[in-house]
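Let us walk through this structure step by step, from its charged pairs to its nonpolar regions.

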Amino acid sequence: MEMPPLTPQLVATLGICIGALLLFLWNRLAFEVVGLVVLAALVLCGVLPIEQALSGFSNEAPLTVAGVLILATALERTGAVDMIARAFTRLGAGSELKLMTALIALTIPASAFLNNTAVVAVLMPVVLNAARQQRIAPSRLLIPLSFSSQLGGTLTLIGSSTNLLVSGVLLELGQPGFGFFQMTAPAALMMAGGVVYLMTFGRRLLPDRGLPEDEFHVPFQELESALVVEPHSAFAGATFQQVRDAGFEALKLKAIRRASHEGPLGESDPLRPRDLLIVEGPSDALKRADRIGGLHFATPRDDRDSPGRGELMVMEAVVTPRSRLIGHKLRDVGRLAGSDAVILAVQRHGMHPGVPTAERALQPGDLVLVEGTRRELIGMQRARLLLLATRVILPRKQGRWWLATGILVAVVLLTALGVMSMPLAVLLGVIAMAVTGCIDPADTYERVDWGVIILLGSLVPLGVAMQQTGAANLLAALVIRATSNFGPYVVLGALYLLTSVLTEFISNNAAAVVLTPVAVAVANALGASPVPFAMAVMIAASNSFMTPVGYQTNTFVYGPGGYRFTDFARVGAILNLLLVVLAVLVLPLFFPF
């Protein structure tokens, strides 16, 4: 394959691609903001006219994703997903192996038809509760939950937003999009291989981080908090060592902050009223310290026990990757979420010692202790703080689960049988959910991740620009030069591996939109069908196993499982390589070159 000429538009497109990848790696800007920067750059650099640059928002991918997210919200709110959770509890009783088997058996089919991130969000508190009851370390179960949800998301077109995005990019490139079940057979064989690995050799590689130790299901996690010495505290005048000897041995002193700015102070210095103690310890020890001895959580307000607020609850939660609280200091999160709830403590891998909790900025995957009334916790949940509670917080529309399930089944059948296009079927499904009362429109607007919709709409034109300027052909030529001597099977494997590695470090949707045009160009250069190559990109981008930040579900389970960064690489690296081999063997069987 000959190299295309290096025109100004081609160079600009490559520069925009590299800049976008760097911004995604930098991870300081929201993904949708990066997408809008890409969109503006394509227009300002003269790569695409404004009309074509905005065409991504009329593409079926973002519109369909929005509809699918609404359908998933309806299933969650009507209690349909809760039935899956109850089935897991019944089927998994008895042993770790039975629990893992039930978990995988229920997660995979649920993730094929619902957003896999939503499935993990609903099932994770149930898994933690089951682990506590059966005395099993959550770290033995949460990686299988995340990985199986990703494997299940590859089975249908609506299982993952990445699937819909790749299909949408293909349509923009003049290729046929994917059918609803077109990927099911090969993806099912690859999924089966992944499940066998997770249940056998992969299970041996899962870490054991200890049993859940308290009602919050934390497996010996250390949370950081700030405690204030009250004026009438029994510990005023005592040293922190004496505090520890009085029944708080689990607490570790990180720093003492004093209004007079004296310092540094240590465990042997007498404590004064209003001293701020930066401490670290398990959540039960922090709760006891807040209730006795005149040590109280340092919160942004002093009305924690004001009359009329209602019963206060303390729960653990995970900061989700799409939470609007990310990057904001803990003292500001209640205002941003429109809630009076406060974050009392935080746990993060690699946190810097001695920084007062109220000054810390939240990051994805942070494990936090949040206090508030039921209504206030609902506000935090709507800000995409995932509460690790087995009880229901958000109000449910009970009794309509069968109606919501029936509507989803109708959407799937109408699409799969070719009666109507997927966007139309999804639109009619959303209307049916609203008319029958399965969803509340106002709440739905809050629950849909509009950032994903903006990201998809802004990235689709990048794929078009790569094809029109020859950037995709240039990258395809490089791939073919490196692998063509070994035949199309090796080219297919190299493309899958490249996508898989790229997905570990940037947005899976970004990796898919950059490499789908390359897959089409590679197929054209080889005189082959683009379907197996595009399918490889789609499946690889939907499966991210080697880092806790490569996919949202990995980030969800990172803190509650007590995992280390390397745990994902140890379990996921072999799984990634296994899927590369399976992709090379399976995809050409169903979609010949």
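With which residue does aspartate 567 form a salt bridge? Its partner is arginine 570, and the closest N and O atoms of the two are 2.9 Å apart, where a salt bridge is understood as a side-chain nitrogen of Lys or Arg within 4 Å of a carboxyl oxygen of Asp or Glu. Before going further, note that this is a predicted model, in which local features need pLDDT of at least 70 and side-chain atom pairs count only at pLDDT 80 or more, while totals for chains, interfaces and linings use all residues. Residues are numbered from 1 along each chain as its sequence is written, and side-chain values use heavy atoms, with hydrogens and water left out.

Aspartate 567 and arginine 570 both belong to helix α25 (residues 565-590), where they sit 3 residues apart, about one turn of the helix; helices here are DSSP runs of H or I with at least four residues, strands are runs of E with at least two, and both are numbered from the N terminus. An α-helix has 3.6 residues a turn, so residues three or four places apart point the same way. Aspartate 567 is buried at 0% relative accessibility, whereas arginine 570 is partly exposed at 36%, given that buried means under 20% relative accessible area, exposed over 50%, and partly exposed in between (1.4 Å probe, protein chains only).

The count of salt bridges comes to 4, and among them are two that involve glutamate 96. Glutamate 96 pairs with arginine 140, with closest N and O atoms 3.0 Å apart. Because glutamate 96 lies in helix α6 (residues 96-113) and arginine 140 in the loop between α7 (116-134) and α8 (142-153), this pair ties together parts that are 44 residues apart in sequence. Glutamate 96 also forms a salt bridge with arginine 203, the closest N and O atoms being 3.3 Å apart. Arginine 203 is in helix α11 (residues 201-205), so this second pair ties together parts 107 residues apart in sequence. Glu96, Arg140 and Arg203 are thus linked in a network of salt bridges. Glutamate 96 is buried at 19% relative accessible area and arginine 140 is buried at 13%, while arginine 203, at 22%, counts as partly exposed.

We turn now to the nonpolar side chains. In soluble globular proteins, nonpolar side chains tend to be buried together. The largest nonpolar core has 151 residues, of which Phe88, Met124, Phe178, Tyr496 and Phe533 touch the most other members; such a core is a set of buried Ala, Val, Leu, Ile, Met, Phe, Trp, Tyr and Cys residues joined through side-chain atoms within 4.5 Å. Helix α22 (residues 508-526) gives the largest share of this core, 12 residues. Leaving aside neighbours within four places in sequence, phenylalanine 533 is in contact (heavy atoms within 4.5 Å) with residues including Pro488, Leu495, Val522 and Phe593. Another core, of 24 residues, lies apart from the largest one, and its members include Leu253 and Ile256.

Burial can also be followed along a helix, since Glu376, Leu377, Ile378, Gly379 and Met380 are buried in helix α15 (residues 374-382). Just after α15, arginine 384 takes a positive phi of about 65°.
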